[in-house]
Amino acid sequence: MAKRQLSRRQSWRIDKIQEERAARAAKRESRLVDELEGGDLGPEQTGQVIAHFGVQVEVEACDGELAGQVFRCHLRANLPTLVTGDRVVWRPGNQGIGVIVAQLPRLSELCRPDARGQLKPVAANVDLIVIVFAALPEPHANLLDRYLVAAEHAGIRPLLLLNKADLVGPDNNAALHELLAVYRELGYPLLEVSARQGLGMQELKARLDGHMSVFVGQSGVGKSSLVNALLPGVDTRVGALSEATGKGTHTTTTARLFHFPGGGELIDSPGIREFGLVHVSRDDVEAGFIEFGDYLGRCRFRDCKHDREPGCALLAALEAGHIRPQRMASYRHILSGL
Ligand SMILES: Nc1nc2c(ncn2[C@@H]2O[C@H](COP(=O)(O)OP(=O)(O)OP(=O)(O)O)[C@@H](O)[C@H]2O)c(=O)[nH]1
Ligand SMILES: [Zn+2]
């Protein structure tokens with residue numbers, strides 16, 4: 001008991017120190033903004049946050065003669081927290097420094113729990129979640145379903161991407177295509193590629209054009225290989241951003257926005273690659289199985305768990321073959337892990 005109280009007091013002290021530090025940083029920032037705004041700032045224009053460093057952000061100009069140029073920006077006080085992908089109104093200053101004036105509305109948000117377990121946005125305006133899986137490691141339907149639930153929950157279109165198509169052979173061909181058939185039948189877009197052999201990569205590029213994407217998926221499926229193939233010559237490892245903090249060895253896990261040469265954008269960070277494996281509620285899971293939609297709310301009991309209740313509309317649909325047994329099993333598996 002004593003030990004627990006002590007650790008709580010300690011953590012309170014740490015919180016307090018962090019708060020004071022943040023407050024000092026914010027004060028420094030607002031002085032800087034005042035100085036900049038007292039000087040010579042250019043006209044207001046739109047931009048997009050491409051990386052985030054504590055109290056400052058990097059913004060790429062979207063229009064006018066500065067389009068495509070990147071500015072380190074200070075934030076005017078009272079702005080909401082900005083994340084990579086946010087569209088903003090800003091004013092350019094001298095030597096690549098600017099000031100963010102306002103945040104524009106977000107079309108979507110990807111959220112992840114922070115160190116205290118609170119959900120925080122980590123990327124804004126993503127409109128395509130590329131769910132990467134591979135011929136090897138052998139894909140688990142239930143993991144794919146988890147990612148799909150997360151995508152549906154975020155209201156962002158998913159693309160199922162089977163990588164390592166070069167490893168599809170007589171041993172795994174039938175099982176893989178059975179798996180793919182389930183998702184094709186549900187209407188999810190699907191693509192088969194090989195990052196190693198370049199198979200299907202042109203089609204993938206075409207799908208990414210015009211979208212702001214993230215790549216998610218289990219370790220070892222080839223996300224890095226795919227991203228490296230799509231962004232030739234770009235070092236996507238976050239260490240490359242560290243000079244921006246002025247400390248060479250300090251690596252940051254900030255999400256960063258990249259442009260694909262063939263069109264479209266990518267937001268990437270180790271944290272984002274794990275998106276989808278966080279807590280969701282029972283309702284989120286139900287809503288994430290899109291084929292359940294026709295039956296939800298039609299069970300005899302309002303609080304039906306679709307387990308063995310009489311008059312369960314989902315069980316009836318399963319019986320009638322309108323819901324695949326594999327998806328029902330997956331749904332139950334995900335629920336059991338909540
Ligand atoms: N045969 C084959 N191997 C591939 C292909 N794409 C990637 N690999 C290999 O798969 C392994 C894992 O690839 P990564 O790109 O590191 O996978 P990742 O998803 O980024 O993995 P994490 O960084 O752990 O999340 C590496 O040995 C790659 O060379 C492919 O299309 N075919
Ligand atoms: Zn039911």
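Tutor: Helices are DSSP runs of H or I with at least four residues, strands are runs of E with at least two, and both are numbered from the N terminus. The structure above is a predicted model, in which local features need pLDDT of at least 70, side-chain atom pairs count only at pLDDT 80 or more, and totals for chains, interfaces and linings use all residues. Residues are numbered from 1 along each chain as its sequence is written, while chains are lettered from A and ligands numbered from 1 in the order in which they are written.

Student: Which helix gives the most to the shell around ligand 1?

Tutor: Helix α5, residues 223-230, does so by supplying 3 residues. There are 15 residues around ligand 1 (C-beta atom, placed from the backbone, within 6 Å). R196, S219, G222, S224 and S225 come nearest.

Student: How do the residues of this shell around ligand 1 divide by character?

Tutor: The shell holds 7 polar, 5 charged and 3 nonpolar residues. Asp, Glu, Lys and Arg count as charged; Ala, Val, Leu, Ile, Met, Phe, Trp, Tyr, Cys and Pro as nonpolar; the others, Gly among them, as polar.

Student: How many helices and strands does the protein chain have?

Tutor: The protein chain has 13 strands and 9 helices, and its C-alpha trace spans about 70 × 60 × 35 Å along its principal axes.

Student: In what order do the strands close into a barrel?

Tutor: Strands of a sheet pair through backbone hydrogen bonds, either parallel or antiparallel. Here 5 strands form the barrel in the order β1-β2-β3-β5-β4, with mixed pairing. Two strands pair if DSSP finds at least two bridges between them. Strand β1 (residues 45-53) meets strand β4 (residues 87-92) in the antiparallel sense over 4 bridges. Opposite V88 in β4 stands G47.
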